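Student: Please take a close look with me at the charged side chains here. Once we have those in view, walk me outward through the loops, so that I can follow along on the screen.

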Amino acid sequence: MRAKTHITLAATLLLSLVFGLIGSARPAQALDKTVRQQVLRASVKLMTQFDGNKQAGSLCSGSMLNQEGYILTNYHCVGYLTDGRRDRELEAMGLRPGDLFNEQGISVVAITDDPRQLPKPTYVAQVLAGDSTLDLAVLKIVAYYNSRQKLPSSLPVVAFNLADSDSVETLDEVFVIGYPGIAGNSVTATEGKISGFLDEDEDGSFDWFKTDVLVNQGNSGGSALNADGELIGIPTARLQDQAGNVIYLIRPLN
């Protein structure tokens, strides 16, 4: 039986993990050249193969949260969320909404050492917790890619500093980092502004940042940063009306 959206741990684990990391975040730094190099390396590429089809899979981005190997991404990067674009294809493979793309919840993690070069498949991560309503998932690195060597307790990876996303305001500068899959597979950064806020369920609390920063398909699950290079959210989706107007959405970290 496939794992569903309540996989392994409750969504409260995902939220408590992220809030705990926010509480222990280091002070903000100026986004100088050194910080730019760090944040580009903290964004990882995720490659998830579908069960029963070696030719099909998902290519997305993720954010490294700490040296223990926790990675934050979108749920739709590792599991089936109905969106109308791929539903027929996925269901033909035997998948149903809420299913993980593979029963083990496994993804290959490619790390960027040099932002001018392609990311290198380095680790294997497994889904630890997921919430399809928030479209968020936490993975944990569990093994090396193509190696039986034992993982150290502290991995040699670069992790993000985490921000309080409630402090974000309209017209704040925002950077989006990830692997859009356009013009090559190297890590890519775009820059823009926070355009506003969206309270999708009209409960008085905003659910999304609206932004003018490009969020292409492979950017899903990647990293949205403030002017200090701290993680404020996860670039997730775009909205487009019949006139062709587009606005992009970031899921706030909090």
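Tutor: One yardstick comes in handy straight away: a residue is called buried when its relative accessible area is under 20%, exposed when it is over 50%, and partly exposed in between. Please also keep in mind that what you have in front of you is a predicted model.

Let's start with D114. Its relative accessible area is 24%, so D114 falls in the partly exposed class. D114 has a partner in R116, with which it forms a salt bridge; the closest N and O atoms are 3.2 Å apart. R116 itself is exposed, because its relative accessible area reaches 71%. So this bridge joins a partly exposed acid to an exposed base.

The residue just before D114 in the numbering, D113, takes part in a salt bridge as well. Its side chain meets that of K120, with an N to O distance of 3.9 Å. The limit for calling such a pair a salt bridge is 4 Å, so the D113 and K120 pair is within it. D113 has a relative accessible area of 48%, and it is therefore partly exposed. A search of the whole structure finds two salt bridges. As a rule, side chains of opposite charge can pair when their charged atoms come close.

Now for charges that gather with their own kind. On the surface, E200, D201, E202 and D203 make up a patch of negative charge. To find it, look at the loop between β8 (188–198) and β9 (208–211), where E200 has its place. E200 has a relative accessible area of 54%; that is over 50%, so E200 is exposed.

If you carry on along the chain, you come to N219, in the loop between β9 and β10 (223–225). Is N219 buried or exposed? N219 is buried, because its relative accessibility is 5%. Leaving aside neighbours within four places in sequence, N219 has contacts that include S61, V176, I177, G178, Y179 and P180. L214 and P235 also touch N219.

The loop between β6 and β7 (173–178) deserves some time, and N146 is one of its residues. N146 is exposed, because its relative accessible area is 70%. Its backbone is worth a glance too: phi of N146 is near 60 degrees, a positive value in a residue other than glycine.

V157 has its place in that loop between β6 and β7 as well. Here the side of the yardstick changes: V157 has a relative accessible area of 11%, so V157 is buried. Setting aside residues up to four places away in sequence, V157 touches M64, N66, Q67 and Y123. V157 and L65 are 92 residues apart in sequence, and their C-alpha atoms are 9.6 Å apart.

A159, too, sits in the loop between β6 and β7. With a relative accessible area of 17%, A159 is under the 20% cut-off and therefore buried. Its C-alpha atom is 9.7 Å from that of E68, although the two residues are 91 places apart in sequence.

Two further loops round off the tour. D135 is in the loop between β5 (120–131) and β6 (136–144). Phi of D135 is near 60 degrees, a positive value in a residue that is not glycine. D135 counts as buried, because its relative accessibility is 9%. P97 lies in the loop between α3 (87–92) and β4 (106–111). At 44% relative accessibility, P97 counts as partly exposed. P97 and G79 are 18 residues apart along the chain, and 8.0 Å separates their C-alpha atoms.

Finally, let's step back to the whole chain. The protein chain has three helices and 12 strands. Of its 254 residues, 46% are buried. Among contacts between residues at least 6 apart in sequence, 60% join residues at least 24 apart. The chain exposes about 12600 Å², and carbon and sulfur atoms supply 48% of that area.

Notes:
Residues numbered from 1 in each chain as written. Predicted model: local features only at pLDDT ≥ 70, side-chain atom pairs only at ≥ 80, totals over all residues. Heavy atoms only, no water. Patch = residues over 30% accessible without salt bridge, like charges linked within 9 Å, V, L, I, M, F, W, Y side chains within 5 Å. Areas by Shrake-Rupley, 256 points an atom, 1.4 Å probe, with all protein chains shown as cover. Lys, Arg positive; Asp, Glu negative; His and termini not counted. Charge placed at Lys NZ, Arg CZ, Asp CG, Glu CD. Helix = DSSP H or I, 4+ residues; strand = E, 2+ residues; numbered from the N terminus. Buried < 20%, exposed > 50% of the residue type's maximum accessible area, 1.4 Å probe, protein only. Contact = heavy atoms within 4.5 Å.
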